Amino acid sequence: QVQLVESGGGLVQAGGSLRLSCTASGRISSINVMAWYRQGPGKQRELVAGWLSGGDTNYADSVLGRFTIFRDNAKNTVYLQMNSLKPEDTAVYYCNSNLFRSGARFPSDYWGQGTQVTVSL
């Protein structure tokens, strides 16, 4: 069984910072992608930032220059450092990973339970 466990959400004032973390646990052979998505009130879920196995990263235009995704390979953990937060960043943030379970021929997608980030004026 593979699990993604997130932490680090909370309430912060505009202009502040938060760091989210997501750890993948279980019988994992290799990880292709670890990414953060978010879903704001009344909005569709959107990609915020992604880390690819080759080390490449990508970001939504709305967070470019403010958010940074980085990974601790030894811990199968990905972090999202969020700076200069804005009220429009308020959302539930979800961790996503595309990975191979041990012995699997094909990769599968997994999701965390979500963590609330609220940015106040």
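1. R66 is buried in this predicted model, its relative accessible area being 11%, and its side chain meets that of D89 in a salt bridge with an N to O distance of 2.8 Å. The pair links distant parts of the chain, since R66 belongs to the loop between β6 (57-59) and β7 (67-72) whereas D89 belongs to the loop between β8 and β9, 23 residues apart. Salt bridges with shared partners join R66 to D89, R38 and E46 in one network.

2. Which side chain, besides that of R66, does D89 meet in a salt bridge? The partner is R38, at 3.0 Å from N to O, and this pair again connects distant parts of the chain, with R38 in strand β4 (residues 28-39) and D89 in the loop between β8 (77-82) and β9 (91-101), 51 residues apart. D89 has a relative accessibility of 1% and therefore counts as buried, because the cut-off for that class is under 20% relative accessible area.

3. R38 also meets E46 through its side chain, in a salt bridge of 2.7 Å from N to O. Is each of these two partners buried or partly exposed? R38 counts as buried at 6% relative accessibility, whereas E46, with a relative accessible area of 34%, is partly exposed. The structure holds three salt bridges, and the reader may wish to view the R38 and E46 contact together with the two contacts made by D89.

4. Turning to the strands, β1, β3, β8 and β7 form, in that order, an open sheet of four strands with antiparallel pairing. Because β1 (3-7) and β7 stand at the edges and each has a single partner strand, one side of each is left without a neighbour in the sheet. From one strand to the next, the twist averages 15 degrees.

5. Within that sheet, β7 and β8 run antiparallel and are joined by six bridges; an example is R71, whose bridge partner in β8 is V78. As general background, the strands of a sheet pair through backbone hydrogen bonds, in either a parallel or an antiparallel manner.

6. A search of the whole structure finds two aromatic pairs, and one of them, formed by F70 and Y79, is stacked, with 5.1 Å from centre to centre and 20 degrees between the planes. How do the two residues stand in accessibility, buried or partly exposed? F70 is partly exposed, with a relative accessible area of 30%, while Y79 counts as buried at 18% relative accessibility.

7. A further point concerns R45, which lies over the face of Y94 at 3.8 Å from the ring centre. R45 also lies over the face of W111, in this case at 4.7 Å from the ring centre, and a colleague inspecting R45 should therefore look at both rings, since each contact falls within the 6 Å cut-off to the ring centre.

How values were computed
Residues numbered from 1 in each chain as written. Predicted model: local features only at pLDDT ≥ 70, side-chain atom pairs only at ≥ 80, totals over all residues. Heavy atoms only, no water. Salt bridge = Lys/Arg side-chain N within 4 Å of Asp/Glu carboxyl O. Buried < 20%, exposed > 50% of the residue type's maximum accessible area, 1.4 Å probe, protein only. Helix = DSSP H or I, 4+ residues; strand = E, 2+ residues; numbered from the N terminus. Pairing = 2+ DSSP bridges. Axes fitted to C-alpha atoms, helices over the stretch in contact; angles between N-to-C directions. Phe/Tyr/Trp six-rings, centres within 6.5 Å; stacked < 30°, edge-to-face > 60°. Lys NZ or Arg CZ within 6 Å of the ring centre and 35° of its normal.
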